[in-house]
Amino acid sequence: MDTQTQAARYSAKDYKSAIKPIWCPGCGDFSVLSALTKALAELQLPPGRVAVVSGIGCSSRIPAYTSMYGFHGVHGRALPTAIGLKVARPDLTVLVTGGDGDGLSIGGNHFLHACRRNVDVTYIIMDNQVYGMTKGQASPTTAPDWEGSKLTPEGTGVNPFQPLAIGLAAGANFVARCFTGDPNNVAEIIVEAIRHPGFSLVQVLSPCITFRPEQKDWKRLVRTAPVEFTTDAARAARRLMTDDGFNVGKVLYKGSREPFRPDLGGSGATVADLERQFLR
Amino acid sequence: MTAQTVSIALAGSGGAGVITAGAMLLEAASRAGWYAYMTRSSGPQIRGGEAAAMMRLSTEPVASHDDCFHLLVAIDWNNVGRFAAELPLSAGSLVVSDPEEGEAPSQIGASGARSVALPMKELAKSIPGGRPNMVALGAIAALIGLPEAPLLEVLQKVLKRKGEEAIQASLDALRAGMAAAKDYPAVPRLPAAETRPGTRWSITGNEAAGLGAIRGGVRFVAAYPITPATDMLEWMAPALAKVGGTLVQAEDELASINQIIGASYGGVPSLTATSGPGLSLMTESIGLAIASETPIVVMNVMRGGPSTGIPTKSEQSDLNIALYGMHGDAPHLVLAPNSVTDCLFTTQWAVHLAEALQTVAIVLSDQAMGQARAVIPRPAEVAFLAKREKPQLAAEQNYQRYAVTASGVSPMAIPGMHGLQYTADGLEHNETGTPSSHVADHTAQLDKRLRKLTAYNYGDHWADVEGEGETAIITWGSSTGPAREALRRYEAGGKRARLVSIRLLSPVQPEKFARALEGVIRALVVEQSHSGQFYRYLRAHYDLPRDVKALHRPGPLPVRPGDVLGELASWS
């Protein structure tokens, strides 16, 4: 439906549920929820035809806060759940939401293979560089010298994971980074991600001011990425490998790989046809 | 020496073609009007190593190996010694081997079996394009009374692409084997049988399970390769594509189980197939499917465990994990087919039950049954199809996905149904699906998830109950074949006993079990596990007679009818 010429059927609030989020005041995830509903209103997708799939963690609570079909599964397994759904039901719009721990640590293998498989889903990863739900442990994107956790009082000493560079190398078909300080921009990027065929990866810097109060400074540290997106994976990779993680607000890469979409049409064979091979 | 049944083992190193020759023998036997049951055994090597095709042919349907092999044909003795325990022979058996290969391994010699030398390699060499396995096949045919005509038909079918020359070479090799075996000591010969094309199937347990799943309505499969479940998946991949479904090879078992949960949430009946190590990895998400009430079927083709165990060989030792592997109180279905034929029925029934009850059905098959090929009477059509209860509410009404109902089953909306959106959750939830840690919600949902399983009427399919008398054999899965044969022999000896083979292992059916055992004063429990998992399960959930014996031992040795009969005889 053309939203320019026809009155919008759905507004952003039509995509919200009545359930109050469990998030702390000031959590970046509120912005993502709001941006997500704005994006869907922009796309005018009927809520009954959209599914939001997540794993475990603060940001993984999003499905129940929307009015769409939701699946809140186990820790780290949102991507395969969403992939199974989308492959079996290609008519649905499938979104995956979650945090850095859920998607990149316990779900790390699925992240690689989801990028590789390139099923037409949009993965919104809310990166706050900390495990919030378990009260403040280092995540795979935490800096090695962060000493704020009792579990790793000397810091982790482990290099952080680079979600976008790794996602790109693994085959993600769309790569973008944005910041919750600019929810309209987050909404725009989600719209583009949903529209782009294949696996779309959106990293949203989403501060956890409870366990990482220093992230309040992110609004000063981020800058609008100085370049427009590229369709050249090698160029996108060079940019990602040299950036400091604070270039936001832009799509960085748009690929043109054919999405994984098995033909469900069948050959017209019946079960009786299958049985014939066994007959003696 | 005309008999009703003959058992043959064909052994050799991998590449000697024993599995090929075995498959051809089975195919020819089916064309001759006989029934057949064939298992295979192989070492861990990817290529080479040792292999054996173990076959029983009969004029009546067979679902088990016999106590001994009447005929062992060894193309070579390389590593066949490793199989000796799986190739029981008696003084009446005949061992046919190639003199070029020297002496039989000591375990084979110790059986006291008669032996003859058949120069398979030399005979094969004298025929351009001839192969020793065809010479062996010819000798077997001559010994057991298999006519040449069906063998020729099979040769023509199998070697069609290789051309007339290859067919002629194989036929010449077959005939050389037949001629050589003419004067060998006798083994049981089967009488000619009536052939009625179109009345029988040749199928493996894994294929039957795959077909049962598709018959039941499964249209999405995600799985990770694992022995001995892979051949079920390899059969299903093209079959699903033909009927409008798909199979996804996932990156691991965690992905497999969650992909099928996602697909089923989308309304498509879904299944994964795996073996013990994969089932271990899947258990957390099986709990998710139970809590979120998302129907799925998990086929576990059991192999020797624990850990990597014995991947290529059979054992019934995943009963405990299937029943009790989940954390929390997680009621679900556990079913077990008890024959190659029953892999079809039980898997189809599992799909039906999982969908009707919106829960997980774990189906326990095993390597022996899954990879066995049998010639069976054509299976009956089964009416069980996937049928999920869906809400009929108008969009305006307040839909409650996890509504507490009398049956325990709550109508399940499917994405795409407008106005019925909900969030499925592995977190405990209230009736609408909103996460809740309230005592009342937890209790209500636990009750509901249990009630839907216990209140359901499973009819007579919960077990196969046969025979009568004061003695009972209680068994499950692939141990049923030998137990059933033992019962027949026991009855042939003028004694009476009954057999209870439990197909529905969970939820337990104590009232039906009590009725099945009415008047029984002693019971023999038969299973293939080291620790007696099934025996302990029976002890925990059922009333057993005072006098109970348990025949439990680990794989890969199959339980044989004589073992069961021996236990029964020691009572009387």
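1. Start with Lys448(B): in this predicted model, Lys448(B) counts as buried, at 0% relative accessibility. Its partner is Glu293(B), and the two side chains meet in a salt bridge at 3.0 Å, N to O. Glu293(B) sits in the loop between α10 and β11 (296–302) of chain B, while Lys448(B) belongs to helix α14 (residues 439–454) of chain B, so the bridge ties together parts that are 155 residues apart in sequence. Glu293(B) is also buried, again at 0% relative accessibility. As a bit of background, side chains of opposite charge can pair when their charged atoms come close.

2. Now set that beside another pair in chain B. Asp231(B) and Arg40(B) join their side chains in a salt bridge of 3.8 Å, N to O. Here too distant parts of the chain are linked, with Asp231(B) in helix α8 of chain B and Arg40(B) in strand β2 (residues 35–42) of chain B, 191 residues apart. Asp231(B) is partly exposed at 24% relative accessibility, and Arg40(B) is partly exposed with a relative accessible area of 35%.

3. There are further salt bridges to look at. The search of the whole structure turns up 37 of them over all chains. In chain B, Arg56(B), Asp66(B), Asp67(B), Glu485(B) and Arg489(B) are linked in a network. In chain A, the side chains of Asp91(A) and Arg89(A) form a salt bridge (2.8 Å, N to O). Asp91(A) is partly exposed, at 40% relative accessible area, whereas Arg89(A) counts as buried at 13%.

4. On to where the chains meet. How much area is buried between chain B and chain A? About 4300 Å², with carbon and sulfur atoms giving 61% of that. Lys242(B), Glu251(B) and Gln421(B) supply 13% of the area that chain B buries against chain A, more than any other three residues. The contact takes in 63 residues from chain B and 47 residues from chain A.

5. As for polar links across the interface, the count between chain B and chain A is two salt bridges. Glu275(A) forms a salt bridge with Arg215(B), and the closest N and O atoms are 2.7 Å apart. There are also 24 residue pairs in polar contact across the interface, both residues at pLDDT 80 or more. Several elements of chain B each supply at least two residues to the side that touches chain A, among them α1 (18–31), α7 (205–216), α9 (253–265) and β15 (423–425). The largest share, eight residues, comes from α9(B). By class, that side of chain B has 28 nonpolar, 21 polar and 14 charged residues.

6. The two chains also share strand pairing. Strand β2 (residues 69–72) of chain A is joined to β15(B) by three bridges, and the strands run parallel. If you want a landmark, look at His72(A), which stands opposite Asp425(B) in β15(B).

7. Inside chain A, have a look at strand β6 (residues 200–205). Six of its six residues are buried, so the strand is largely enclosed by the rest of the structure. Both faces are covered, with Ser200(A), Val202(A) and Val204(A) on one side and Leu201(A), Gln203(A) and Leu205(A) on the other. β4(A) pairs with β6(A) in the parallel sense over six bridges, and strand β5 (residues 174–179) of chain A also pairs with β6(A) in the parallel sense over six bridges. Val204(A) makes a handy reference point: Met126(A) stands opposite Val204(A), and so does Cys178(A).

8. Next, Gly98(A), which is found in strand β3 (residues 93–99) of chain A. Gly98(A) is buried, with a relative accessible area of 0%. Leaving out residues up to four places away in sequence, Gly98(A) touches Ser59(A), Ser60(A), Ile124(A), Ile125(A) and Met126(A).

9. Helix α5(A) is mostly covered, with six of its eight residues buried. Among the buried ones are Leu164(A), Gly167(A) and Leu168(A). Just after the helix, Gly171(A) takes a positive phi of about 115 degrees. Pro153(A) lies in the loop between β4 (122–127) and α5 (163–170) of chain A, and Pro153(A) is partly exposed at 45% relative accessible area.

10. Last, back to chain B for Lys549(B), in strand β21 (residues 547–552). Its side chain makes a polar contact with the side chain of Ser570(B) at 2.6 Å. Other residues that Lys549(B) touches include Ala523(B), Glu567(B) and Trp571(B).

Terms used. Residues numbered from 1 in each chain as written. Chains lettered and ligands numbered in written order. Predicted model: local features only at pLDDT ≥ 70, side-chain atom pairs only at ≥ 80, totals over all residues. Heavy atoms only, no water. Helix = DSSP H or I, 4+ residues; strand = E, 2+ residues; numbered from the N terminus. Buried < 20%, exposed > 50% of the residue type's maximum accessible area, 1.4 Å probe, protein only. Polar contact = N/O pair within 3.5 Å; in protein donor to acceptor, adjacent residues only side chain to side chain. Contact = heavy atoms within 4.5 Å. Buried area = accessible area lost by both parts, 1.4 Å probe. Salt bridge = Lys/Arg side-chain N within 4 Å of Asp/Glu carboxyl O. Nonpolar A, V, L, I, M, F, W, Y, C, P; charged D, E, K, R; others polar. Pairing = 2+ DSSP bridges.
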